[in-house]
Amino acid sequence: MRRILSLLLVAVVVAGCSNDEKSTPEPGTPAAGPVKAMPHADAQALADKYRTEAVDTLGTPPAGTPTSMLMACEGKGTFTAITYGDVPVPAAAQPAALQKLREHYDSAKYTVAPPATDGSSALNATTPDRVMISVAPEGTDTLRVNIATPCYSSDEPL
């Protein structure tokens, strides 16, 4: 399940990227907007910042070392920074933890998707700088925090 959520987040980001400065993905896509230039290290630091913010809001240290990577987008010379990590949260406490994150993101003026009606308890939000956040149960006593930046352009090789 965790691989599926991580890959789904990557697929949404990569599908929304373009190397054309004037083009944008389909309306409503969180990564919509022109592709901006950014150094790899700055994009990864941005993704890491939002992962740390989620973990700090949950108030529980992460389990293990988070995974961070850069991935190519569709356009030539474009990339996205991805990071994800697990936070131990007992199953019974997960609804309250997700609500705490929802309230934090609402107060920070993030775009927060309404709760799912299909029984899924994932929380999805987009920051003002178009970074996508997804927090969802991973197994019984863990929440997975997935972060993906929009696509950026760079002359640096991946």
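Residues are taken as buried when their relative accessible area is under 20%. By this criterion, 10 of the 11 residues of strand 3 are buried in the predicted model, so the strand is largely enclosed by the rest of the structure.

Strand 3 pairs with several other strands. With strand 2, the pairing is antiparallel and extends over 7 bridges. The two strands form a hairpin in which 5 residues lie between them, and Gly 77, located in the turn, adopts a positive phi of about 75 degrees. Within this pairing, Thr 67 is placed opposite Tyr 84 of strand 3. Strand 7 is likewise antiparallel to strand 3, and 7 bridges join the two. Here Tyr 84 stands opposite Asn 146 of strand 7. Tyr 84 thus faces Thr 67 in one pairing and Asn 146 in another. A further antiparallel pairing, made of 2 bridges, connects strand 3 to strand 8, with Thr 78 opposite Ser 153 of strand 8.

The loops adjoining these strands carry the disulfide of the model, and the structure holds 1 such bond. The bond joins Cys 73 to Cys 151, with an S to S distance of 2.1 Å. Cys 73 belongs to the loop between strand 2 (63-72) and strand 3 (78-88), whereas Cys 151 belongs to the loop between strand 7 (142-148) and strand 8 (152-153). The two cysteines are 78 residues apart, and the pair therefore links distant parts of the chain. Because the torsion about the S-S bond is about -90 degrees, the disulfide is left-handed. Both partners fall under the 20% limit for burial: Cys 73 has a relative accessibility of 8% and counts as buried, and Cys 151, with a relative accessible area of 3%, is buried as well.

A separate feature of the model is the second largest pocket, which has a volume of about 160 Å³. Helix 3 (residues 94-107) supplies the largest share of its lining, namely 5 residues. The lining residues include Gln 94, Pro 95, Leu 98, Gln 99 and Arg 102; also among them are Pro 115, Ala 116, Ser 120, Ser 121, Ala 122 and Leu 123. Classified by residue type, the lining of this pocket consists of 6 nonpolar, 4 polar and 1 charged residues.

Notes. Residues numbered from 1 in each chain as written. Predicted model: local features only at pLDDT ≥ 70, side-chain atom pairs only at ≥ 80, totals over all residues. Heavy atoms only, no water. 1 Å grid on protein atoms, 1.4 Å probe; cavity = no way out; pocket = protein on both sides within 12 Å on 5 of 7 lines; lining within 4 Å. Points joined across faces, edges and corners; volume = space filled by probe spheres on them. Helix = DSSP H or I, 4+ residues; strand = E, 2+ residues; numbered from the N terminus. Nonpolar A, V, L, I, M, F, W, Y, C, P; charged D, E, K, R; others polar. Disulfide = S-S within 2.5 Å. Buried < 20%, exposed > 50% of the residue type's maximum accessible area, 1.4 Å probe, protein only. Pairing = 2+ DSSP bridges.
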